[in-house]
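Please find below a colleague's note on this model. The points can be checked one by one against the coordinates.

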Amino acid sequence: MAPTAREVALNCLLAGERQGAWSDGYLRNAIRKAGLDRRDAAFCTRLAFGVLQNRMYLDWHIARLSKTPLDKLEPPVRNCLRLGIYQLLLLDRVPVHAAVNESVSLTKKYSRNPRSGALVNAILRTVDRTREDLPQPKDISVRYSHPDWLVKEFSHTLSGEELESLLAANNAQPPTQIQVNTQKVTTQELIEELTQAGISALAHPWLPDCLELEGTGSLEDLPAFREGRFYVQDAAARLAVLASGAAPGMDVLDTCAAPGGKSFAAAIQMEGKGYILSCDLHPHKKRLIEDGASRLGVDCITAAVMDGRKFDPALEGRFDLVITDVPCSGLGIIRKKPDIRYKDPVPLAALPEIQRDILSNSSRYVRPGGILLYATCTLLPRENEDVVGWFLDKNNSFTLESFTLPDPLGGVETGMLTLWPHRHGTDGFFIARLRRKG
């Protein structure tokens, strides 16, 4: 018997605990293997992501109601409880009997203890019966399921209601955003095609040629995807390429490119006229870039393997534009990768040194008068403004330069911009545009 949406979600949570699997990658493969239709695939993803986004909050309730300590519960039992409580408290269209009965059924299937089903049933029935009077955690960290270290990091920049708004945004369900390949189709034509396929496709409120989708299922199965009429990319990454000023006829280097989204955006923005060298450290990721460019019909991209920290004399001073989207902590994309919040924060301390090395090395490839674009998908100043400030202290041949983005963002006079999920509805992202003096 094929696994249900709830069972696939349970196995995703277990894989994360046992093998450290990333939920997005696991679900992509598991949903396809299970043969879930579009509706069940969306429900499965919502369950797995929703539990991860609210895990500390759910565990607070479990610990309050269970006589067995949380860490003594079998992983399947603990995760069945999380799934059940999430459906009861945080989803509004799931019938109580379905949330309870399916959780109990999965517990009986996966637990070694024959009494576990009764435990799960009793706790979920109690949650349902007392939901109107349930106590709530006072600790903001628990309430929004962000570990203390992460709340502390964000509190250096935000405070009060705005800090809470960011934490809430990180737990929201983000829209699936795609960019139109205007070399193949118009935005309106793509909207009509997707609508006919049963997908809700709306124009982004202020970013041209960007669509927000609902009810998608597997995008890779759509003819519009396979035939290269769009690519998946958040508005924030597209805005970074707009800020870069990529234009027809330019020679462009994308130093940390895989899976290629910014290279694709630049190629379309350049109308396919010019040259883009799209590089990544890992050989297997070179193929991802090549496959994406082929699918989109973009022939101005050449993919290559390159270490962004090691200087290649053959590339010195060759490019009108160098895009450097460096490895980072990823704390701006928590809403799409909820597992990030539970990873060990200790290795993050080494990132600024790597970022400084890549930015410094990349700068050597910019021709006099050219542009160096530095970008991250994190919200931490030490990986963003501090890295740019360090670089400018060491390199007086570069200066920050203003740029203009679509309203409501408008002109960015400082040359640096942080995009916030709760302010802009985008991924958390940092952009800095630097000009090499001629």
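The numbered points below cover a pocket, the cysteines, some individual residues, one helix and the unusual backbone.

1. Status of the model. This is a predicted model. Please read every point below with that in mind.

2. The second largest pocket. Its volume is about 180 Å³. The lining of the second largest pocket has 13 residues. Nearest the centre lie Gly16, Glu17, Leu52, Arg55 and Asp339. By class, the lining splits into five nonpolar, three polar and five charged residues.

3. Who builds that lining? Two helices, H1 (5-19) and H5 (75-90), each supply at least two residues of the lining of the second largest pocket. H1 gives the most, with four residues.

4. Disulfides. How many are found in the whole structure? The search finds zero. Take Cys80. The closest cysteine sulfur, in Cys44, lies 13 Å from that of Cys80, which is too far for a bond. A disulfide would need the two sulfur atoms within 2.5 Å. Cys300 is likewise in no disulfide, and the nearest cysteine sulfur, in Cys279, is 14 Å away.

5. Burial of these two cysteines. Cys80 is buried, at 1% relative accessibility. Cys300 is buried too, with a relative accessible area of 6%. The cut-off for buried is under 20%.

6. Asn170. This residue belongs to helix H10 (residues 160-170). Is Asn170 buried or exposed? Its relative accessible area is 0%, so Asn170 counts as buried. What does the side chain of Asn170 make a polar contact with? The partner is the side chain of His146, at 3.1 Å. Beyond its neighbours within four places in sequence, Asn170 is in contact with Gln53, His146, Phe154, Ile334, Arg335, Arg341 and Pro421. His146 thus appears both as polar partner and in the contact list.

7. Asn361. Here the host is helix H16 (residues 351-363). Asn361 is buried, at 6% relative accessibility. The side chain of Asn361 is joined to that of Tyr365 by a polar contact of 3.3 Å. With neighbours within four places in sequence set aside, the contacts of Asn361 are Asp307, Gly308, Arg309, Lys310 and Phe311.

8. Leu400. This leucine sits in strand E10 (residues 398-400). At 26% relative accessibility, Leu400 is partly exposed. Not counting residues up to four places away in sequence, Leu400 touches Val388, Leu392, Thr414, Gly415, Met416, Ala432, Arg433 and Leu434. For Val388, the C-alpha separation from Leu400 is 9.1 Å, with the two positions 12 residues apart along the chain counted as their spacing.

9. Helix H4. Which residues of H4 (residues 55-65) are buried? They are Tyr57, Leu58, Asp59, His61 and Ile62. What do the buried residues of H4 pack against? The partners are helix H3 (38-53), H5 and helix H8 (140-143). H5 also supplies at least two residues of the lining of the second largest pocket. An α-helix has 3.6 residues a turn, so residues three or four places apart point the same way.

10. Cis peptide bonds. Most residues other than glycine have a negative phi, and most peptide bonds are trans. Two bonds deserve a look on the second count. Ala258 and Pro259 are joined by a cis peptide bond, with omega about 5°. Pro259 lies in the loop between strand E5 (250-254) and helix H14 (261-269). Asp407 and Pro408 are also joined by a cis peptide bond, with omega about 15°. Pro408 is in the loop between strand E11 (403-405) and strand E12 (410-412).

11. Positive phi. Asp209 is not a glycine, yet its phi is positive, at about 60°. Asp209 is placed in the loop between strand E2 (200-203) and strand E3 (210-214). At 33% relative accessibility, Asp209 is partly exposed. Glu271, not a glycine either, has a positive phi of about 60°. Its loop runs between H14 and strand E6 (274-280). Glu271 is partly exposed, at 43% relative accessibility.

Terms used. Residues numbered from 1 in each chain as written. Predicted model: local features only at pLDDT ≥ 70, side-chain atom pairs only at ≥ 80, totals over all residues. Heavy atoms only, no water. 1 Å grid on protein atoms, 1.4 Å probe; cavity = no way out; pocket = protein on both sides within 12 Å on 5 of 7 lines; lining within 4 Å. Points joined across faces, edges and corners; volume = space filled by probe spheres on them. Nonpolar A, V, L, I, M, F, W, Y, C, P; charged D, E, K, R; others polar. Buried < 20%, exposed > 50% of the residue type's maximum accessible area, 1.4 Å probe, protein only. Polar contact = N/O pair within 3.5 Å; in protein donor to acceptor, adjacent residues only side chain to side chain. Contact = heavy atoms within 4.5 Å.
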